[in-house]
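The exercises that follow ask you to read burial, contacts and backbone geometry from a set of coordinates. Each task is followed by a solution that goes step by step.

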Amino acid sequence: MTAFGLSPRTRRLTLDRPLVLESGDTLQRVSIAYRTWGELSPQADNAVIVCHALTGSADADEWWGPLFGHGRSLDPDRHFVVCSNVLGGCYGSTGPLTLAADGQPWGGRFPRITIRDQVCAQMALADALGIRRIRFVIGGSMGGLQALEWALLDPQRVGAVVTIASAGRHSAWCVAWSEAQRLALASDPRFKDGHYHPADPPLAGLAAARAVAMISYRSPRSLDERFGRSAGKEIFGERARAPDDFAIRGWLRHHAQALVERFDANSYRVLLDAMDTHDLARNRGVYENVLRQIQQPVLVVSVNSDALYVPRDQRSLHFLLPNSSFLEIESAHGHDGFLIDAEAFEPEICRFVKGLPDSTGLARRTYNPRGVVSASQLKYAW
């Protein structure tokens, strides 16, 4: 069950065994919504796993289009590209909107999950698809957290990792931003600690949470350059809903409203909780030692204006990972630069990917980052 539209190319897998969560809870008949591009090779060794961000879906070609295409990082002519909606999401995979054993939506009863649980579900999908070797796992933001977990949970199958605008564990700064969003959700009387009817969701609370998030996703420079103190009519013309109000206010309200039309408040909270629990060292030992266990090539990508997963997070990863390369994206757009400026940094991702060992274990070339990638000025969309 889902209230939100799915691509007609979306497929579903129902796991034939229960999924045991880190909490000890068990989910029966877990459904995973996913999409694929390209064909799995006869040796089943050309797979690429794409992991999406907080409110994303399996439609990676829509939200990360610049990475797709012949000769690009995600090349369906060479790769079998797989992207699935995460466990706990609301785009087809098992989550709060799906039905529990009593025939009612899980809602606020949905068990707590972790990034590790999400990756375990993705691994089960890879098993079902017959994937024997994964060329690389790539993701940004929440997807970058998953990509790092893949390296530790499935080291025999994962050949490399690209983690963008992400971290090895959630910082107090990230947890604080998450909590501000939870408080926004809880402030809506309709939220009822998650026990609301799907037909009467807490739209105001979810909108407020999204507004908080959007501020953390951008940078002061980005907002100043785009909006300054301009009125809505100066920036958006006839599209402005409040022509004489500050344009930045209209932009924030627009994004808040857009999310409530396509996302579920309980899924939003479940995924925030999963991100906050993210710590590669949880139950594995000392953090620094755990990161040194990741032997695969890792490309750590940082957005220099990111105010959420700050560049220090990525530099720490690069320092501790034994086989990593570091790429800095010069972008005005803050955390969202990993989406907005994808066209600009895709060639560097592609260079890394093409330098990975092939199925024989031989590297075709060595990747040396070209330093800072400067993103070109791109046109803005609502």
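Buried means under 20% relative accessible area, exposed means over 50%, and partly exposed lies in between. The model is predicted, and the values in the solutions are computed from it.

**Exercise 1. Overall build**

Determine how many helices and strands the protein chain has, and judge its radius of gyration against the globule rule.

Solution. Begin with the secondary structure, which amounts to 13 helices and 11 strands in the protein chain. Next, take the radius of gyration, which is 20 Å and close to the 21 Å that the globule rule gives for 382 residues, so the chain is as compact as a globular protein of that length. The C-alpha trace spans about 60 × 50 × 40 Å along its principal axes. Then turn to burial and contacts: 56% of the 382 residues count as buried, and of the contacts with a separation of 6 or more, 74% are between residues 24 or more positions apart. Finally, the accessible surface comes to about 16300 Å², with 51% of it belonging to carbon and sulfur atoms.

**Exercise 2. Helix 9 and its cover**

Work out how many of the residues of helix 9 are buried, and identify what covers them.

Solution. First check the length of helix 9: its 12 residues should span 16 Å at 1.5 Å a residue, and the end C-alpha atoms are 17 Å apart, which agrees. Second, apply the burial cut-off, under which Ala265, Asn266, Ser267, Tyr268, Arg269, Val270, Leu271, Leu272, Asp273, Ala274, Met275 and Asp276 are buried. Because 12 of the 12 residues are buried, helix 9 is largely enclosed by the rest of the structure. Third, look for the cover, which includes helix 2, helix 3 (142-153), helix 4, helix 5 (203-217) and helix 8 (247-260).

**Exercise 3. Helix 2 and the loop before it**

Compare the expected span of helix 2 with the distance between its end C-alpha atoms, and then find the contacts of Ile113.

Solution. Helix 2 (residues 115-128) has 14 residues, which at 1.5 Å a residue should span 20 Å, and its end C-alpha atoms are 20 Å apart, in agreement. Since 11 of the 14 residues are buried, helix 2 is largely enclosed by the rest of the structure; the buried residues include the charged-type names Arg116 and Asp117 as well as Ile115, Val119 and Leu125. After helix 2 comes Gly130, with a positive phi near 80 degrees. Ile113 belongs to the loop between strand 6 and helix 2, and at 3% relative accessibility it counts as buried. Leaving aside neighbours within four places in sequence, Ile113 is in contact with Leu21, Leu87, Gly88, Gln118, Val270, Ala274 and Thr277. Of these partners, Leu87 is 26 residues from Ile113 in sequence and 8.1 Å away in space, C-alpha to C-alpha.

**Exercise 4. The nonpolar cores**

Which residues touch the most other members of the largest nonpolar core?

Solution. The largest nonpolar core has 85 residues, among which Leu87, Ile131, Ile134, Val137, Trp150 and Tyr268 touch the most other members. To see one of them in detail, take Val137 and set aside residues up to four places away in sequence: Val137 then touches Ile49, Cys51, Ala147, Trp150, Val158, Ala160, Val161 and Val162. A second, separate core of 29 residues includes Ala60, Val162, Leu299 and Ala342.

**Exercise 5. Two positive phi values**

Decide whether Ala165 is buried or exposed, and do likewise for Asn283.

Solution. Ala165 has a phi near 50 degrees, a positive value in a residue other than glycine, and is placed in the loop between strand 8 (161-164) and helix 4 (172-186). With 0% relative accessibility, Ala165 counts as buried. Asn283, in the loop between helix 9 (265-276) and helix 10 (287-292), also has a positive phi, near 60 degrees. Its relative accessibility of 73% means that Asn283 counts as exposed.

**Exercise 6. Cysteines**

How many disulfides does the structure hold?

Solution. The structure holds zero disulfides. For Cys51, the nearest cysteine sulfur is that of Cys83, 7.2 Å away, and Cys51 is buried, with a relative accessible area of 1%. For Cys120, the nearest cysteine sulfur is that of Cys51, 13 Å away, and at 31% relative accessibility Cys120 counts as partly exposed.

Key:
Residues are numbered from 1 along each chain as its sequence is written. This is a predicted model: local features need pLDDT of at least 70, side-chain atom pairs count only at pLDDT 80 or more; totals for chains, interfaces and linings use all residues. Side-chain values use heavy atoms; hydrogens and water are left out. A nonpolar core is a set of buried Ala, Val, Leu, Ile, Met, Phe, Trp, Tyr and Cys residues joined through side-chain atoms within 4.5 Å. Buried means under 20% relative accessible area, exposed over 50%, partly exposed in between (1.4 Å probe, protein chains only). Contact means heavy atoms within 4.5 Å. Helices (H or I, at least four residues) and strands (E, at least two) are DSSP runs, numbered from the N terminus. The expected span of a helix is 1.5 Å times one less than its number of residues. The radius of gyration is taken over C-alpha atoms; the globule rule is 2.2 Å times the number of residues to the power 0.38. Accessible areas come from the Shrake-Rupley method with a 1.4 Å probe; for residues, only the protein chains shown count as cover. A disulfide is a pair of cysteine sulfur atoms within 2.5 Å.
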